[in-house]
Amino acid sequence: MAVIMDKYQEQPHLLDPHLEWMMNLLLDIVQDKTSPTSLKNLAFKFLYIITKVRGYKIFLRLFPHEVADVQSVLDMFTDQNPKDHECRDEKVLKETAAAEMSVCGSFWALECYQFITRPDVRERKMASFLDWSLCTLARSFQTAEGIIATDGTLQALAQIFKHGKREDCLPYASTVLQCLDRCRLPECGQTRLRKLGVKLVQRLGLTFLKPKVATWRYQRGSRSLAANLKLCTQDQSEQKPPTDSVASDAEEDYDIPEGVESVIGEQPELELSKHLVLLCWWLLTISNGLSAHITVGIGRMAGRLPKELADDVVGSVLDCFSFQEMDKAWHGGCLALAELGRRGLLLPLRLSEVVTVILKALTYDKKCGTCSVGANVRDAACYVCWAFARAYDPQELRPFVTSISRPSSMPPGSLPLLHGQVALCSSRSSDGDLVVSLCSVPGILFRADWGCEAAFQENVGRQGTFPHGIDILTTADYFAVGSISNCFLVISVYIAGFPEYTQSLIDHLVSMKVNHWDRAIRELSAKALHNLVPRAPEYSAAHVFPALLLMTSTSDLHTRHGAILACAEVVYALYKLAAQRDRPVTDYLGEQVVQGLKQIHQQLYDRHLYRGLGGELMRQAVCVLIQNLSLSRMPFKGDPVIDGWQWLIDDTLRSLYLISTQSRQQIKDAAVSALAALSREYYRKDPREAGPAVAGELISQYLAQLRSPEEMTRCAFSSALGGLPRFLLSGRLQQVLAGLRAVTCISPQDVSFAEARRDGLRAILSICQTVGVKAEGPPDEVVCRENVSEIYSALLDCMRDYTTDNRGDVGSCVREAAMTGILDLVLLLVQVQPSLLEAPVCESFLCSLARQASEKIDRVRAHAAHVFVTLLHFDSPPVPHVPHRGELEVLFPRSAMASVNWSAPSQAFPLVARLLGLPAYRYHVLLGLAVSVGGLTESTVRHSTQSLFEYMKGIQRDPQALGAFAESILRVFEDNLLNDRVSVSLLKMLDQMLANGCFDIFTTEENHPFCVQLLALCKEEIKKSKDIQKLLSSIAVLCGLVQFHGDVRNKVLLQLLLLLCHPFPVVRKSAASQIYEMVLTYSNVVADDVVDEVMLVLSDTAWDAKLAVVRERRNHLCDLLAVPRPQLVPKHAAAEAGPGN
């Protein structure tokens, strides 16, 4: 029943037509005195399930209200064991004439208030019940029992003061308040108790105050969107009278009950109410999760206060918006302001002060360790903007829109309020979630829930004062703002196209986001400035650059880093604009700006800011600056600053291994890009040649670093050589290729340097793209017939890199780089010099790709298949010498390949297994499939095995095809003897193939060569082996070989019996178990007269006993199976003996 009812959780009202008959059926069971207790408990449990889904307020109306049921319900409570948790968990629910009763806290509170507030019960029992409740609250709530009791008591009191008559509850309110204050619930660690305390405080405050509607509150009037839009198109001369003309109730008298005055002395009732409001605010500042409940209470109580005192409440809330307060106070304050504004209790006279604090709240972001806090504050500020748009007429907010829309009146870093001063903001919350904001309404921030979208849309629709508001909403829609990069790089450009927003957006990025604590935000801000420069080039050159240059010398690391990145992006954007007019970038930049850009590196170097953790950010930023200044063709040729830049690049590459892992790749890429741009612009003597001294010294220095003992240094300088321009490589190509080729080779000293081999191979391919191809060209100038063979060799060697360490298969990154290199090189040669692609080379490339496409790593398999299919279907011009091209185009049709997910084993292996039918690819695909079929990943093993067996079914009755297949398997085994990565998986694959009868056609021939060779390879593989997995897999294969006839069967049995005396007990036990299964499976292996005794020996012997005992039982089996007993060899010859001797 619970499963059925849970389906109605989202739309429980669908149960309403059926509630009555369901409840009547269950109550009939409960009211039947002959029903067993277990059945009644089950009926109550079903009642609880229905109540949980539909809600008790709807469900309780259907309960019977007869007096006759009271006694039976009381009897049930009397008979119930309070310590019976099973019964308590069933949450018994029953309605009587006087009350609805439940043993769970919330329903118990409901029964209490309805019972205690009855006129006949109130006079006699209410005081004593409240005394008992206060005594319960006075006890400690540090224990589990105390928490439960406090929870129920607070709920009961809250319900009594909520539903009871004010005149009945008022005499007890001050006593309850004093007791509650002594309980110190704000210091309680239980959120639920704090929430209930807040509810009770609110009810007490409302009890002290007369229920009335404040006549002084602000009333907007018509809130129709259609009417509002109509107003925007008409002359707004007819407006509602100013709020000052609204009648005030300041003169209204407030009577003070005598009981209250006797408790609080001369303090008036309204002062006490103010105390209650501030008590709620105190809870608000320390209970972030209870803000919504507390602010509702503040709004309700403020609505019963006179105008002056309600204004004091607003002032108290505004006083808490201090940067000395925690984010919880800011969050709660925003919610309180929104609630007050929504209820009309925040008068327009206060809007100027409220606007100021909301502007701060919308950009609230405090760094806390490696993250920040403030997402909740910004969200609450969005809610304020949304609430104000609904609460106030456009004329009330228009003065603030007008004043803030002027950039001159806007303080540095502030954001526009309720106007289209659009700013792009982003920050990260404490849990790492991105918070993206498109500040069209005072910096409203987009979070994962897109709160700004709702606030901005509400203001555009209801206020009607936002320039281009509809256009902005159309572009910055719900989905567009979900991507932080899209907000910074796309939406900002569109909105900056409106003149009203351009400068404000740029100013906000410079003042608020370039110095953001989050590195990703600083980088995106710099790129956003690059995109916005064409919208205001003169403003960027005249105002943005001076501010950024000033920030580059600050002591704050984040500001310095962001400012340098922004300088780099802005100057490159200005260069692009100048280049369109065929003018230098200095037309935009003054001499002071040019000198400031040139001095950035020297200032950082003199202050030793390239050292330490902050040095990582500075190196990356200055490398980006060097790259962009070089691309912008700044007039620094021959200037000493070039030597300083070169020193920084070299030192960064040389010390890359000292940089943190998470920043290493980004800094390396920045340095390599900076070197390439610097070399092209400042090291060229004429349009073709570099200075010989510069080129020779630079390349010699970099080649020497390729022999460094640090892997990261090799990676860095390999990438640097790969990024050099052609004129620097001219005349030294052979030397550079030889150095990089040495990096890609595996040696005992650097076997784990997989990343260096990857980057070395990438550098070789990058150089090939740079220098070009010419078949008969000089080998020191271009890729030609004389040096291309070395490149082929490097690619094929890297395709066989299966290096592993504690990180796993680290060689996979080298193989992926080799696949990418094969694709790039083959397409380059095909289009330029196809004669350099010889048939053996093409076959080796495609076979290597086919092998990778059949292996177990999803990422590698997908990349290999993509490269393979791309080369197969490339037709501009087609790749020559593709083996079996016609068959391949049938097996892999162009139209179907686009929809194949090669990462999914279920889609990849059925296609790859088709290559087994092509002789040129069979060996390599089998080599890959052996690793996949014998792997560990369940999905890979299942689908690769199914695909292999599907192919075997097609050739199982074809002796010639099966013989060729068996020959390929034996060659794979022979080529990978003692290579555990392949051999263990291959043994597992052979076990499955033998067990499934894939080679049944061979079993009819005595001493078939396949069985003989496979046995010999198995013996060689397990000789002297101590690998348990390999030994266990070999036992399974040997048991499968028993099905072959001839002398080979006795040899197989001998090997199995030898393994029964292996030094490892686990191997002996596994061998005995599998031999037992073998005897059951293959009935013709053991003679009928001894089969029972053989099986008895195998099953009854303790094969993990001492070897002397085991050897005797093994020899007895040898006699029974007519197999010669193995002979012990002397110890000095033990190294030459097989297992078990």
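## Report on a predicted single-chain model

Ile116 is buried, with a relative accessibility of 6%; buried denotes a relative accessible area under 20%, exposed one over 50%, and partly exposed a value in between, for a 1.4 Å probe and protein chains only. The structure is a predicted model, in which local features need pLDDT of at least 70 and side-chain atom pairs count only at pLDDT 80 or more, while totals for chains, interfaces and linings use all residues. Residues are numbered from 1 along each chain as its sequence is written, and side-chain values use heavy atoms, with hydrogens and water left out.

**Surroundings of Ile116.** This residue belongs to helix α7, residues 105–116. Helices (H or I, at least four residues) and strands (E, at least two) are DSSP runs numbered from the N terminus. With neighbours within four places in sequence set aside, Ile116 is in contact with Val121, Arg122, Lys125, Met126, Phe129 and Ile160; contact means heavy atoms within 4.5 Å. Ile160 is 44 residues from Ile116 in sequence, yet their C-alpha atoms are 7.8 Å apart in space.

**The chain as a whole.** The chain holds 54 helices and eight strands. It has 1141 residues, of which 55% count as buried. Among contacts in the chain with a separation of 6 or more, 70% join residues 24 or more positions apart. The accessible surface of the chain is about 50,300 Å², and carbon and sulfur atoms contribute 53% of that area. Accessible areas come from the Shrake-Rupley method with a 1.4 Å probe; for residues, only the protein chains shown count as cover.

**Backbone features in loops.** Most residues other than glycine have a negative phi, and most peptide bonds are trans. Two non-glycine residues with positive phi are listed below, each with its loop and its accessibility.

| Residue | Phi | Loop | Relative accessibility |
|---|---|---|---|
| Asp582 | near 60° | between α27 (557–580) and α28 (591–606) | 70%, exposed |
| His881 | about 60° | between α40 and α41 | 44%, partly exposed |

The loop that holds His881, between α40 and α41, also contains Pro877; the flanking helices span residues 858–873 (α40) and 885–891 (α41). The peptide bond from Ser876 to Pro877 is cis, with omega near -5°. Asp582, by contrast, lies in the loop between α27 and α28.
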